[in-house]
Amino acid sequence: MSRLSLLVLTLMVSAMLLAGCGEAPKEEKAEKAAPAETAAPEKVVLKLAMDADPVSLDPQVQLSGGMLQYAHMVFDPLVRWTKDGGFEPRLAERWESISPTVTRFYLRQGVKFHSGNEFTAEDVVFSIARLKKSEDFKGLFTAFGDAVATDKYVVDLVTHEPYGLVMAMATYIFPMDKAFYTGTDPKNDKPKDLILKTDYSFANYNESGTGPFVVTEREQGVKVTFTRFADYWDKATGNVEEIILTPISEAPTRVAALLSGDVDFIMPVPPNDLERINTTEGLKLVTMSGSRIITFQLNQKRRPEFANAKVRQAMAYAYDNNGVVAKVMKGFATAAAQNSPKGYQGNNPALTPRFDLEKAKALMVEAGYPDGFECTMIAPNNRYVNDEKISQAFVAMMSKIGIKVSLKTMPKAQYWDQFDAQAADIQMIGWHSDTEDSANFFEYLYMCPNKETGKGQYNSGNYCNEKVDEITMASNTETDVEKRKAMLQEVEQILFDDAAFIPLHWQNLSWASKKDMNTEDIVNVMNFPYFGNLVIK
Amino acid sequence: MFAFTIKRIAQAILVMLIISFIGFSIKNAFGDPVRELVGERVTPEERAKIRDQLGLNDPFMVQYGRFLKNATHGDLGRSFFFKKPVTEVIISKAPATIELVFCAALIIITLSVPLGIYSAIHPKRLFSRIVMGGSIVGVSIPVFLTAILLIYIFSVELHWLPSFGRGETVKVFGWWDSGLLTKDGLLHLIMPSIALSSIMLPLFIRLIRSEMMEVLESEYVKYAWAKGIKPRRVWWVHAFKNTLLPVITVGGVQLGIMVAFTILTETVFQWQGMGSMFIESVERADTALMVSYIVVVGFIFVVVNTIVDLIYGLVNPTVRVAGRK
């Protein structure tokens, strides 16, 4: 037995050594082969690692960042956001306002679906009708009625009332192939366009979009292979012929995969490794100020102290936004004093972080709490970047004005139930506006909670101000951009003056890739990289 | 022996019931699966409706009863995330974990036996001291740290070994995804196997050494020496054979700990096995999958321990007396 085991051992050791030796020359070979590639074209493959893969092939089954990233690869929206916050035509070539409630979209002709079917206005009508049925999307599309196809290539989006966000919503309309998704699926005897979250459905496992990539292989949670769609309408795009997406949830492993050359592109980059990637030869780091605001809500119903505006103001003065951004976030965030990031209509440039400890203490005395008080707080510990550390910093800062906060953090899977139940006096929430518009923050986070209308659904602070409600609702039907801008900025000012909540910062976004790519051109503040436009030199 | 076997199996079933009950009763503590299935905008009413459809609003005993009833038919429920029966998901992930555990076990056996015996026979030699010293270091470094260190040395710095995943796999018997048959797959196996074996290997070296040293001191070994039997025969046949018994028992128990360590190892290496599947199911509050993993792993534990006990009973009949008490 000893001889046998020794033999096996030697074999294993030599196998490892061989493997090691075998790998090194291969690396060199790859480097040498690189310049020759232009002469003899090889398949351009992007090995991509993200923290998760799309949960389904059905773009309308779940509204999440990951699914929208997927939709931009396999489907194509009517219009999409440009880097400066404008709209660029995709499947819609141009558009015009016919009446306050009707916007007409002229569709691109000669566009093919992956199934080979031709893309027409009927597909847009079908897709919008399906969006209005989807549990996740119907909330976004309540303002819309049924779309009307007035011609084979012309479609009218109809809203119930004048609506300022028609174009923003058009970025969510990824037309699906009507013919492909119509009929009965023999596998489960159910209609092919059925939207199912937890079970097999035709749309969860099959796709036909108009996008730059076709899903050619998929093993959920392990690997997705995207192959360039040969008949893609937009010829003036990137050169990536295949994308192999591997989800790597562990951040250090994701970074190691990039550093070791096993993958070409990673997102997101953990803050701790930004420096390392930035200084590594052959790699490129792209960062951008994000649009997800991180805030603390102060529950006025649970805590009479928080109903006092002076106390809330004192807390806002006691919190050092810039200090936390510099120390805890390592500069990888933008200090905030309002919800709307720069570029949003509601962004009010007059509002800046107001850290002033003396003023905070004075306000506490004025409010009648010179000795402070005790309260509870909850925060997630795996939802936002450094969420736990930020919360601890907040607790430490509040102690300086006598407010003793007992903090409890928990994983996000448990957090949201606690959040909904308003289990603590102070609760953390981060919010990214789905519409890329300020009113979305107000509707969900600050309007008076109302079960029937669904407004203030995430307002666990129970802040309620008629004026905020009034202006926010009015802004939705205001189509004059300048007027609307003034209204939204006014709301930000009210929320700031009232200290309706404690704003912390906007999380930055980050992507890292090999140097020979135009990474900076394809990424954007929504974090939907347009991989169709990626060029690997 | 028959009565002992029956008793042992009855115990095993009871343990399985307890495991499933505990697994089932803690699942709600991991959060609401519906929350992970819907976007942030979905209203509480809509969520309640989905929960209703999934039967999550039923009383605990109704849910548990349904689970047990289905489990007897081999149906452990559906994974919300994978949108498939959990048994299918677990079976598809099992080969990765089994191959990883197999390779780690191979490393442990091939290294611990010769090293343990050597350091027992020659406890004072320099090499033995190095092995013993090294084993203390090995035991005290956590698995995930070993794994990250390996990745940084061999992938990031030296570019010798791939940093994550299973690499190229081949389908065997139509469903078993094997990484053992391709060069790429084998290369991907090296670091995870070493990381996984890093805690157990030193433990086994020390165990074999101390057991062996004890046996070498015993009367019958001394007698064997006195009879003039060749050293090799004394060490292997007389001494080592008797060292094996406790090593097997401990090995059976340690297999369970190994499963626990696969969770860490697989997570760090993005190894698509049952361990990382479990962690992800916890993060996603995919409760059906989570509970089933606990039940399946519990089942493996129980089966292994029952078999170990039965083998032990065969090898050493006095165990039966203990079992009867």
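# Close-up views of chains A and B

**Figure 1. About 60 Å³ of space lies in the second largest cavity.** The view is taken from a predicted model. The lining of this second largest cavity consists of Ala316(A), Asn321(A), Ala336(A), Ala337(A), Thr352(A), Pro353(A), Arg354(A), Phe496(A), Ile502(A) and Pro503(A). By class, 7 of these lining residues are nonpolar, 2 are polar and 1 is charged. Ala316(A), one of the lining residues, is also among the buried residues of helix H8(A), the element shown in Figure 2.

**Figure 2. Helix H8 of chain A is mostly covered.** The helix runs over residues 309-318, and 8 of its 10 residues are buried. The buried residues are Val311(A), Arg312(A), Gln313(A), Ala314(A), Met315(A), Ala316(A), Tyr317(A) and Ala318(A). In an α-helix, residues three or four places apart point the same way, because there are 3.6 residues a turn. At the N-terminal end of H8(A), Asn308(A) serves as the cap. A side-chain oxygen of Asn308(A) is placed 2.9 Å from the backbone nitrogen of Lys310(A).

**Figure 3. The largest cavity holds about 70 Å³ of space.** Searching the whole structure gives 7 cavities of 30 Å³ or more. Empty space of this kind is revealed by rolling a probe the size of a water molecule over the atoms. Residues lining the largest cavity are Leu68(A), His72(A), Trp81(A), Ala168(A), Thr171(A), Tyr172(A), Phe174(A), Asp434(A), Thr435(A), Glu436(A), Met526(A) and Phe528(A). The lining divides into 7 nonpolar, 3 polar and 2 charged residues.

**Figure 4. Glu436(A), a residue of the lining of the largest cavity, has a positive phi.** Its phi is about 55 degrees, although Glu436(A) is not a glycine. Most residues other than glycine have a negative phi. Glu436(A) belongs to the loop between strand S18 (426-432) and helix H13 (438-446) of chain A. With a relative accessible area of 11%, Glu436(A) is below the 20% limit and is therefore classed as buried.

**Figure 5. Lys284(A) is a buried lysine in strand S14 of chain A.** The strand comprises residues 283-298. The relative accessibility of Lys284(A) is 15%, so this residue counts as buried. A polar atom of the Lys284(A) side chain lies 3.4 Å from the backbone oxygen of Lys515(A). Beyond its neighbours within four places in sequence, Lys284(A) is in contact with Ile277(A), Trp511(A), Ala512(A), Ser513(A), Lys514(A), Lys515(A), Met517(A), Asn518(A), Thr519(A) and Glu520(A).

**Figure 6. Asn476(A) is a buried residue of helix H14 in chain A.** Helix H14 covers residues 466-476. The relative accessible area of Asn476(A) is 12%. When residues up to four places away in sequence are not counted, Asn476(A) touches Pro162(A), Tyr163(A), Gly164(A), Ala439(A), Glu443(A) and Arg484(A).

**Figure 7. A cis peptide bond joins Met267(A) to Pro268(A).** The omega angle of this bond is near -10 degrees. Most peptide bonds are trans. Pro268(A) lies in the loop between strand S13 (265-267) and helix H7 (274-279) of chain A.

**Figure 8. Ala236(A) is exposed.** The residue is located in the loop between strand S11 (223-228) and strand S12 (242-247) of chain A. Its relative accessible area is 73%, above the 50% limit, and Ala236(A) is therefore exposed. From C-alpha to C-alpha, Ala236(A) and Met428(A) are 44 Å apart in space; in sequence, 192 residues separate them.

**Figure 9. Ala285(B) and Ile229(B) are buried loop residues of chain B.** Chain B has 325 residues, of which 48% are buried, and it contains 13 helices and 4 strands. The C-alpha trace of chain B spans about 85 × 60 × 35 Å along its principal axes. Ala285(B) is situated in the loop between helix H11 (274-283) and helix H12 (287-315), and its relative accessibility is 0%. Although not a glycine, Ala285(B) has a positive phi of about 55 degrees. Ile229(B) is part of the loop between helix H9 (219-227) and helix H10 (231-269). At a relative accessible area of 19%, Ile229(B) falls under the 20% limit and so is buried. Residues up to four places away in sequence being left out, Ile229(B) touches Ala224(B), Val234(B) and His238(B).

How values were computed: Residues numbered from 1 in each chain as written. Chains lettered and ligands numbered in written order. Predicted model: local features only at pLDDT ≥ 70, side-chain atom pairs only at ≥ 80, totals over all residues. Heavy atoms only, no water. Buried < 20%, exposed > 50% of the residue type's maximum accessible area, 1.4 Å probe, protein only. Polar contact = N/O pair within 3.5 Å; in protein donor to acceptor, adjacent residues only side chain to side chain. 1 Å grid on protein atoms, 1.4 Å probe; cavity = no way out; pocket = protein on both sides within 12 Å on 5 of 7 lines; lining within 4 Å. Points joined across faces, edges and corners; volume = space filled by probe spheres on them. Nonpolar A, V, L, I, M, F, W, Y, C, P; charged D, E, K, R; others polar. Contact = heavy atoms within 4.5 Å.
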